[in-house]
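Open the model in your viewer and show it as a cartoon. Keep the selection panel at hand, since each stop below begins with something to select.

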Amino acid sequence: MNSILQCLSHSAQVREYFLSKKYKVDLSSTSKMQGRLAEEFANLLADMWAGRHDTVSPNKFKSAVAKSAPRFVGYSQQDSQEFLRFFTEGLHEDLNKGKKGKRKIEEPPKGLTDVELAEHRWNGYTIIR
């Protein structure tokens with residue numbers, strides 16, 4: 001868990017997204033964890049980057065993880081890949097405001113070049129903030 005948290009905390013875009021609290025507008029009200037995983041991760045990053053301590057103990061974060069995934073209860077060694085998969089899926093659920101069901105794809109305007117069509121599709125897929 002520690003190695004994954006260290007890597008994610010040093011990923012500038014991830015760190016900035018959580019430290020700036022931009023994630024709050026993306027919190028899902030339908031998430032099984034009700035945003036707890038994202039909130040505790042944001043709190044952990046804030047502690048890690050505040051500069052108040054040389055070390056930070058992720059106890060509250062670990063408790064939030066253990067509530068959702070009993071396999072992470074205790075202090076036995078876990079597979080980093082397994083934790084990363086659980087964590088990214090949990091964050092996705094906490095921050096996913098998408099609606100369930102089939103997505104409606106808007107037809108692009110006629111006469112676009114391949115580059116323009118690709119840009120049109122990309123802009124329809126992404127959320128630009």
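The tour starts with the whole chain and then moves to one helix and its neighbours.

**The whole chain**

This is a predicted model. Color it by secondary structure: six helices and zero strands appear, and the order from the N terminus is α-α-α-α-α-α. The protein has 129 residues, of which 26% count as buried. Among contacts between residues at least 6 apart in sequence, 56% join residues at least 24 apart.

**Helix α5**

Select residues 80-95, which form α5. This helix of 16 residues reaches 22 Å from its first C-alpha to its last, close to the 22 Å expected at 1.5 Å a residue.

Now show side chains in α5. Which of its residues are buried? They are F83, F86, F87, G90, L91, D94 and L95. Look down the axis: these residues lie on the same side of α5, because they cover an arc of only 145 degrees around it. An α-helix has 3.6 residues a turn, so residues three or four places apart point the same way.

Turn to the face away from the buried side and pick out Q81, R85 and H92, which are exposed.

**What the buried side meets**

Add residues 2-9 (α1), 12-19 (α2), 36-49 (α3) and 59-68 (α4) to the selection. The buried residues of α5 pack against these four helices. Two of the pairings are visited next.

**α4 against α5**

Keep α4 and α5 and hide the rest. Their axes come within 12 Å and cross at roughly 85 degrees. That angle makes α4 roughly perpendicular to α5. Show F61, V65 and S68 on α4, then F83, F86 and F87 on α5; these residues make the contact. By class, five are nonpolar, one is polar and none is charged.

Stay on α4 for its own buried residues, which are F61, K62, A64, V65 and A66. Besides α5, the buried residues of α4 pack against α1 and α3.

**α1 against α5**

Bring back α1 and hide α4. How close do the axes of α1 and α5 come, and at what angle do they cross? They come within 9 Å and cross at roughly 55 degrees, which makes α1 oblique to α5. From α1, select S3, I4, L5 and L8; from α5, select S80, F83, L84 and F87. Together they make the contact, with six nonpolar, two polar and no charged residues.

For a last view, select F83 and F87 of α5: both belong to the contact with α4, and both belong to the contact with α1.

Conventions:
Residues are numbered from 1 along each chain as its sequence is written. This is a predicted model: local features need pLDDT of at least 70, side-chain atom pairs count only at pLDDT 80 or more; totals for chains, interfaces and linings use all residues. Side-chain values use heavy atoms; hydrogens and water are left out. Helices (H or I, at least four residues) and strands (E, at least two) are DSSP runs, numbered from the N terminus. The expected span of a helix is 1.5 Å times one less than its number of residues. Buried means under 20% relative accessible area, exposed over 50%, partly exposed in between (1.4 Å probe, protein chains only). The arc is that of the directions from the helix axis to the C-beta atoms. Contact means heavy atoms within 4.5 Å. Axes are lines fitted to C-alpha atoms, for helices over the stretch in contact, and angles run from 0 to 180 degrees between N-to-C directions. Angles under 35 degrees count as roughly parallel, over 145 as roughly antiparallel, 65 to 115 as roughly perpendicular and the rest as oblique. Ala, Val, Leu, Ile, Met, Phe, Trp, Tyr, Cys and Pro count as nonpolar, Asp, Glu, Lys and Arg as charged, and the others, Gly among them, as polar.
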